[in-house]
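Me: Here is a structure I have never looked at before. Could you pick one turn, take a close look at it, and then walk me outward from there?

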Amino acid sequence: MTTQSSGPADSGKHDPLVIRDLEFIGGMATVDGWRPQTELPEVAFAGRSNVGKSSLLNRLVRRKAFARVSNTPGRTRELNFFKVNREFVLVDLPGYGYARVSKARRAEWRPLIEGYLRKSATLRGIVQLLDARHDPTDDDRQMFDLLAELGVPTIVVVTKTDKLKASQVAPRLLTLAGELELDDDQLIAFSATTGAGRDDLAEAVMSLIAQPSWKAEA
Ligand SMILES: Nc1nc2c(ncn2[C@@H]2O[C@H](COP(=O)(O)OP(=O)(O)O)[C@@H](O)[C@H]2O)c(=O)[nH]1
Ligand SMILES: [Mg+2]
């Protein structure tokens with residue numbers, strides 16, 4: 001079920017996302033704060049702190065140190081915007097739910113992320129990350145509820161699948177889908193370590209980008 005990394009051996013395969021140009025276009029720190037103004041379609045990446053979001057972004061864009069991989073989770077407080085191929089924007093949302101900060105600080109993610117989701121006119125969808133080894137937390141559930149409430153098109157990526165036995169990956173995806181009442185085919189198995197799932201993710205992101213905004217339909 002998992003495919004191995006797309007190295008030179010299978011470079012003949014079609015890559016759904018070839019990166020020709022990558023540009024950091026700024027950060028947004030408060031809900032009413034500055035953000036880059038573009039007309040380009042946007043896809044945002046969300047997940048609890050330490051879920052592997054930076055590592056996933058690096059794999060997605062095939063850069064080693066594009067997003068900083070951190071051993072001190074819970075530090076990124078901003079939304080970071082990156083323009084890709086002058087065609088669309090990737091948004092790295094702040095990781096939420098880091099356990100070792102106070103409850104009050106832990107709740108801080110919500111207004112910023114919720115405000116962004118409600119306001120961004122160019123947002124096409126969210127890539128929501130879950131750690132393959134952990135059950136969804138209260139914060140994860142809040143996030144899924146919020147996405148459902150707002151009707152945001154959502155891709156769910158299960159990260160760090162290399163930490164499971166290969167035979168455990170598919171059953172684990174089914175369990176997570178069941179717990180969160182998601183469609184199995186909404187989930188993508190991913191490993192930043194092996195590269196498994198990178199092309200599936202790239203394809204899913206490109207299909208979100210290609211869709212009209214769900215807000216336009218409302
Ligand atoms: N085994 C394994 N470790 C990973 C993977 N992705 C991230 N990690 C590790 O998990 C930790 C947090 O990763 P990071 O990308 O900074 O997570 P973020 O806080 O969500 O941005 C780091 O120690 C990474 O090396 C993965 O696919 N497999
Ligand atoms: Mg990070």
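Reply: Asn-85 counts as partly exposed, because it has 13 C-beta neighbours inside 10 Å. On that scale a residue is buried with 20 or more other C-beta atoms within 10 Å of its own, exposed with 12 or fewer, and partly exposed in between, with C-beta atoms placed from the backbone. This is a predicted model, so local features need a pLDDT of at least 70 and side-chain atom pairs count only at pLDDT 80 or more, while totals for chains, interfaces and linings use all residues. Residues are numbered from 1 along each chain as its sequence is written, and chains are lettered from A and ligands numbered from 1 in the order in which they are written.

Back to the turn. Asn-85 sits in the loop between β3 and β4, and its phi is positive, about 50°, although it is not a glycine. The two strands around it make a hairpin with three residues between them. Strands here are DSSP runs of E with at least two residues, helices are runs of H or I with at least four, and both are numbered from the N terminus.

How do β3 and β4 pair? β3 (residues 79–84) and β4 are antiparallel, over five bridges; for two strands to count as paired, DSSP has to find at least two bridges between them. One spot to look for is Phe-81, which stands opposite Val-91 in β4.

Now follow the chain out of the turn into β4. Five of the five residues of this strand (88–92) are buried, so β4 is largely enclosed by the rest of the structure. Phe-88, Leu-90 and Asp-92 point one way from the strand, and Val-89 and Val-91 point the other way. β4 also pairs with β2, this time parallel, through four bridges. There, Val-43 has Leu-90 as its bridge partner.

Zoom out a bit and the hairpin turns out to be part of an open sheet of seven strands, in the order β1-β3-β4-β2-β5-β6-β7 and with mixed pairing. β1 (22–28) and β7 (187–189) are at the edges with a single partner strand each, so one side of each has no neighbour in the sheet. On average, neighbouring strands are turned by 25° against each other, direction ignored; axes are lines fitted to C-alpha atoms, for helices over the stretch in contact, and angles run from 0 to 180 degrees between N-to-C directions.

Keep walking toward the β7 edge. β5 and β6 run parallel and share six bridges, with Asp-131 in partnership with Thr-159 of β6. Five of the six residues of β6 are buried, which leaves that strand mostly covered. Helix α4 (residues 138–150) lies across β2 (42–46), β5 (123–131) and β6, running at about 160° to β5.

Next comes the step from β6 (residues 154–159) to β7, a parallel pair joined by three bridges. In this pair, Val-157 stands opposite Ile-188. Both turn up again among the residues with the most contacts inside the largest nonpolar core, together with Phe-45 and Val-158; this core has 49 residues. A nonpolar core is a set of buried Ala, Val, Leu, Ile, Met, Phe, Trp, Tyr and Cys residues joined through C-beta atoms within 7 Å. Leaving aside residues up to four places away in sequence, Ile-188 touches several others, among them Ile-155, Gly-197 and Leu-201; touching means that C-beta atoms, placed from the backbone, lie within 7 Å.

Your turn has a cousin in phi, too. Arg-62, in the loop between α1 and β3, has a positive phi near 55°. Arg-62 is partly exposed, with 16 other C-beta atoms within 10 Å.

Last stop, ligand 1. It is surrounded by 20 residues, and the closest are Gly-52, Lys-53, Ser-54, Ser-55 and Ala-192; to be included, a residue needs its C-beta atom, placed from the backbone, within 6 Å of the ligand. Helix α1 (residues 53–61) gives the most to this shell, with three residues.

For the overall frame, the protein has seven helices and seven strands, and 34% of its 218 residues count as buried.

Note on methods
Contact = placed C-beta atoms within 7 Å.
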